[in-house]
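These are my notes from a session with one model, set down in the order in which I looked things up.

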Amino acid sequence: MSETPPDLTEAEQTLRAVSDVSLRLMAGCVSKPKLAQLRITVAENTDEYPWQTVTQAVLSEEVDQQRLVQQGLVAHRDWILRGGRTAKGPSITRRAKGLLARLVAQLIFAVIFTTIILVALVILQIKLDWDLYAVWPWIRSLFGK
């Protein structure tokens with residue numbers, strides 16, 4: 001890497017700088033303290049990603065170019081063998097919350113549906129003088145006792 005920091009307002013230098021940062025991150029050539037510092041920086045900026053700050057910080061570290069290329073090629077190979085980016089599915093906690101929410105929603109629907117049916121039957125019995133209990137023997141006779 002050159003001694004002078006790249007000019008991130010120029011398209012070609014920006015592309016080169018972002019590519020170099022991606023290679024360093026993918027190859028694991030960024031020190032843990034620097035990553036911890038960058039994690040704090042990114043977490044503090046919730047509005048937008050401070051890519052210029054991150055790019056300058058990552059490129060400020062000296063790396064062994066030969067080691068960087070070797071680890072980058074290993075990371076390329078692993079990426080291809082894995083089939084590209086693997087999007088992790090939802091965590092067990094999120095799936096459990098989803099299941100609980102679905103069960104609660106179904107329970108609420110069942111209670112509302114049952115209440116509507118019972119109210120309709122009571123209205124039939126009161127308004128139309130319909131005997132609900134006379135229906136039960138008829139239903140039992142349909143199923144053969």
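Which residue follows α1, and what is the sign of its phi? I found Gly28 there, with a positive phi near 75°. I keep in mind throughout that this is a predicted model.

**Helix α1 and its partners**

I next took the length of α1, which has 17 residues and reaches 24 Å from its first C-alpha to its last, close to the 24 Å expected at 1.5 Å a residue. I listed its buried residues as Thr14, Ala17, Asp20, Val21, Arg24 and Ala27, and when I looked up what they pack against, I found α3 and α4 (65-82).

For the pair α1 (residues 11-27) and α3 (residues 51-59), I noted that the axes come within 10 Å and cross at roughly 65°, and that the crossing is left-handed. On the α1 side the contact is made by Thr14, Ala17, Val18, Asp20, Val21 and Arg24, which meet Trp51, Thr55, Val58 and Leu59 in α3. I sorted the residues of this contact by type and obtained 6 nonpolar, 2 polar and 2 charged.

**Salt bridges**

How many salt bridges does a search of the whole structure find? I recorded 2, and I went through each in turn.

One of them joins the side chains of Arg16 and Asp20, at 3.4 Å from N to O. Both residues belong to α1, and because they are 4 residues apart in that helix, they are separated by about one helical turn. As a reminder to myself, an α-helix has 3.6 residues a turn, so residues three or four places apart point the same way. I then checked the accessibility of the two partners: Arg16 counts as exposed because its relative accessibility is 56%, whereas Asp20 is buried, with a relative accessible area of 12%. Asp20 thus appears twice in my notes, in this salt bridge and in the contact of α1 with α3.

The other salt bridge links Arg77 with Asp78, the closest N and O atoms being 3.1 Å apart. Here I found Arg77 partly exposed, with a relative accessible area of 46%, and Asp78 also falls in the partly exposed class, at 33% relative accessibility.

**The loop between α5 and α6**

I then moved to the loop between α5 (92-127) and α6, where Asp129 lies. Phi of Asp129 is near 55°, a positive value in a residue other than glycine, and I marked it for a second look, since most residues other than glycine have a negative phi. Asp129 counts as exposed because its relative accessibility is 71%.

Leu132 has its place in the loop between α5 and α6 as well. Which residues does Leu132 contact, leaving aside its neighbours within four places in sequence? I found Leu121 and Gln125. I also took the separation of Leu132 from Leu107, and noted 25 residues in sequence and 26 Å in space, C-alpha to C-alpha.

**Helix α6**

Does helix α6 lie largely buried or largely in the open? Of its 8 residues (135-142), the number buried is 0, so I entered it as lying largely in the open. My last entry concerns Gly144, which follows α6 and has a positive phi, near 70°.

Note on methods. Residues are numbered from 1 along each chain as its sequence is written. This is a predicted model: local features need pLDDT of at least 70, side-chain atom pairs count only at pLDDT 80 or more; totals for chains, interfaces and linings use all residues. Side-chain values use heavy atoms; hydrogens and water are left out. Axes are lines fitted to C-alpha atoms, for helices over the stretch in contact, and angles run from 0 to 180 degrees between N-to-C directions. Helices (H or I, at least four residues) and strands (E, at least two) are DSSP runs, numbered from the N terminus. A crossing is left-handed if the near helix is turned anticlockwise from the far one by less than a right angle, and right-handed if clockwise. Contact means heavy atoms within 4.5 Å. Ala, Val, Leu, Ile, Met, Phe, Trp, Tyr, Cys and Pro count as nonpolar, Asp, Glu, Lys and Arg as charged, and the others, Gly among them, as polar. Buried means under 20% relative accessible area, exposed over 50%, partly exposed in between (1.4 Å probe, protein chains only). The expected span of a helix is 1.5 Å times one less than its number of residues. A salt bridge is a side-chain nitrogen of Lys or Arg within 4 Å of a carboxyl oxygen of Asp or Glu.
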